[in-house]
Amino acid sequence: MTTSFSIWLKAQGIFALLMLPTLVLPPMFLFAEFYAWLWGALALPLFHCLLYLQKRMQWFHFPSIVIIGFFITFLCTYGAAWHFASFKNPWNEFVEWILFPVAGWASAVISIFLSRQTIRTYILNEDEFALVDLENEIHAKTESNL
């Protein structure tokens, strides 16, 4: 769970950075962050299930993680836009239906790409230090054979 949670926190931070220009209207920034955390909390267990299933199968296929992670984010961002639209709508349609979901998609995909090695280590039960030791051992054997 810590792997998916750290990726989720990264995505939330990237979304906040992408939303910094909206600080011109602070309520808009606060609404965007509130819905990102609210609907992101729904995306977290879904993404964790994705990683858990791939871990159980011992199958690391990074493109599928990106595509399914994008699909989860797609559903959650449009869920947030739908939720927000059912109340009084202070934003115009472009910002509500296009800009904020695209920022959510971008933050999720960037976060997944930044965490590629962490995901691989989690799914394949690899120990980073063991890989470095193995590389050093192979390098030492290669040098001794020369």
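# Aromatic rings and their neighbours

Trainee: Does phenylalanine 60 count as buried or partly exposed?
Mentor: This is a predicted model, so each value is computed from it. Phenylalanine 60 has 21% relative accessibility. Buried means under 20%. Phenylalanine 60 therefore counts as partly exposed.

Trainee: How many aromatic pairs does a search of the whole structure find?
Mentor: Take the whole structure, not one region. Ring centres must lie within 6.5 Å to pair. The search finds this many aromatic pairs: 7.

Trainee: Phenylalanine 34 and tyrosine 35 form an aromatic pair; of which kind is it?
Mentor: The two ring centres are 5.1 Å apart. The angle between the planes is 75°. Planes over 60 degrees apart count as edge-to-face. So the pair of phenylalanine 34 and tyrosine 35 is edge-to-face.

Trainee: Which residue counts as buried at 10% relative accessibility, phenylalanine 34 or tyrosine 35?
Mentor: Phenylalanine 34 has a relative accessible area of 47%, so it is partly exposed. The cut-off for buried is under 20%. At 10%, the buried residue is therefore tyrosine 35.

Trainee: Phenylalanine 60 and phenylalanine 62 also form an aromatic pair; of which kind?
Mentor: Their centres are 6.2 Å apart, with 40° between the planes. Under 30 degrees would be stacked, and over 60 edge-to-face. An angle of 40° fits neither, so this pair is tilted.

Trainee: Which residue has its charged end over the ring of phenylalanine 62?
Mentor: Start with the ring. Phenylalanine 62 is buried, with a relative accessible area of 10%. A charged end sits 4.4 Å from the ring centre. That end belongs to arginine 116.

Trainee: Lysine 55 lies over the face of which residue?
Mentor: Look 4.4 Å from lysine 55 for a ring centre. The ring there belongs to tyrosine 122.

Trainee: Ring pairs link Phe5, Trp8 and which other residue into a cluster?
Mentor: Follow the ring pairs. They join Phe5 and Trp8 into a cluster with Trp37.

Trainee: What does the count of disulfides come to?
Mentor: Two cysteines to look at are cysteine 49, partly exposed at 43%, and cysteine 76, buried at 8%. A disulfide needs two cysteine sulfur atoms within 2.5 Å. By this rule the count of disulfides is 0.

Trainee: What value is phi of glutamine 58 near?
Mentor: Glutamine 58 lies in the loop between helix H2 (26-57) and helix H3 (62-85). Glutamine 58 is partly exposed, with a relative accessible area of 39%. Its phi is positive, although the residue is not glycine. Phi is near 55°.

Technical notes. Residues are numbered from 1 along each chain as its sequence is written. This is a predicted model: local features need pLDDT of at least 70, side-chain atom pairs count only at pLDDT 80 or more; totals for chains, interfaces and linings use all residues. Side-chain values use heavy atoms; hydrogens and water are left out. Rings of Phe, Tyr and Trp (its six-membered ring) pair if their centres lie within 6.5 Å; planes under 30 degrees apart count as stacked, over 60 as edge-to-face and the rest as tilted. Buried means under 20% relative accessible area, exposed over 50%, partly exposed in between (1.4 Å probe, protein chains only). A charge sits over a ring if NZ of Lys or CZ of Arg is within 6 Å of the ring centre and within 35 degrees of the ring normal. Helices (H or I, at least four residues) and strands (E, at least two) are DSSP runs, numbered from the N terminus.
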